[in-house]
Amino acid sequence: MKPRLVEGGKPQRNKSGWPVALILITAIFALLIAFVFFRIETWPGRTASQSIAQLEQVARKTRDAFVGIAHLQPQVKINQRVYLEQTTAVGELALVSRRTEVEHELLHTWAGSTKRIKLHGTFLVKAGFDLREKFVVDIRPTEIFVQLPHARILGLEQEQMEVLAFENGFWNRIQASDLESQLAILPTLARQKAIDAGLPQDAEQAFSQRLSEILHPPQPIRTSFGPVSPPAG
């Protein structure tokens, strides 16, 4: 078929391909816009899923850190929702100990006769946590909030006992019960002396430091010691 001639003797070109190309370009552009809008609309959900996955990873690492330090899986929350429940294989965790020396003296006078007992004791006092109490970790995007009970004195070991004075009165004699009662006072004095010297606080600081050294989380750790508050609501 010969091309159709127009004025001037030049053939007229077939322009039927341009509308098809324009339709294809328009369709591709529309699909591209739809894809961009779809990605924008689903971005919060995808971001939330990625964030939850990251928080769950931190939660498992935190659980493993507690197990390594205290053989304890605390109650772990993610954004205040329970993710893991608390379990423990042991009852107590002693973190620090201190050698403590105490003295106690009994002076008792009756009818002008005085008896005297003076004792000196050396004890190894241990402080740490009762793992039967509640331990809660809340993994949040901005921080890891750790709620622990206060540390306490867990036990004392008597290392040495000395009788510095053992003096009977002329008719006010020392009885076996006198010596027993005075010996029983020494551990109480050692316990209180260790508390006054801040041994439980040293145990809390040791736990916080060890947790930070093992965990290395991307967000800061905030630790609170005291009774675990019940959930709001």
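This briefing describes the fold, the sheet and selected residues of one protein chain. The structure is a predicted model. Its chain contains three helices and 10 strands, arranged along the sequence as α-β-β-β-β-β-β-β-β-β-α-α-β. Five of the strands form an open sheet with mixed pairing.

**Chain as a whole**
- The chain has 233 residues, of which 32% are buried.
- Its exposed surface comes to about 15300 Å², and carbon and sulfur atoms contribute 57% of that area.
- Of the contacts between residues at least 6 apart in sequence, 72% link residues at least 24 apart.

**The open sheet**
- The strand order in the sheet is 3-2-7-8-10, and the pairing is mixed.
- The edge positions are taken by strand 3 (81-84) and strand 10 (221-225); each has a single partner strand, so one side of each lacks a neighbour in the sheet.
- From one strand to the next, the twist averages 25 degrees.
- In general, the strands of a sheet pair through backbone hydrogen bonds, in either a parallel or an antiparallel manner.
- Strand 2 (residues 75-78) and strand 7 (residues 136-139) run parallel and are joined by four bridges.
- Ile78 has Ile139 of strand 7 as its bridge partner.

**Helix 3 and the loop that follows**
- Helix 3 (residues 199-215) lies across strand 8 (144-148) and strand 10.
- The angle between helix 3 and strand 10 is about 155 degrees.
- The loop between helix 3 and strand 10 includes Pro217.
- Pro217 has a relative accessible area of 22%, above the 20% limit under which a residue counts as buried and not over the 50% needed for an exposed one; Pro217 is therefore classed as partly exposed.
- Although Pro217 and Val58 are separated by 159 residues in sequence, their C-alpha atoms are 7.0 Å apart in space.

**A nonpolar surface patch**
- Trp110, Phe170 and Trp171 make up a nonpolar patch on the surface.
- Together, the three residues of this patch have about 450 Å² of accessible area.
- One of them, Trp110, belongs to strand 5 (residues 92-110).

How values were computed. Residues are numbered from 1 along each chain as its sequence is written. This is a predicted model: local features need pLDDT of at least 70, side-chain atom pairs count only at pLDDT 80 or more; totals for chains, interfaces and linings use all residues. Side-chain values use heavy atoms; hydrogens and water are left out. Patches are made of residues with over 30% relative accessible area and no salt bridge: like charges are joined within 9 Å, nonpolar side chains (Val, Leu, Ile, Met, Phe, Trp, Tyr) within 5 Å. Accessible areas come from the Shrake-Rupley method with a 1.4 Å probe; for residues, only the protein chains shown count as cover. A salt bridge is a side-chain nitrogen of Lys or Arg within 4 Å of a carboxyl oxygen of Asp or Glu. Helices (H or I, at least four residues) and strands (E, at least two) are DSSP runs, numbered from the N terminus. Two strands pair if DSSP finds at least two bridges between them. Axes are lines fitted to C-alpha atoms, for helices over the stretch in contact, and angles run from 0 to 180 degrees between N-to-C directions. Contact means heavy atoms within 4.5 Å. Buried means under 20% relative accessible area, exposed over 50%, partly exposed in between (1.4 Å probe, protein chains only).
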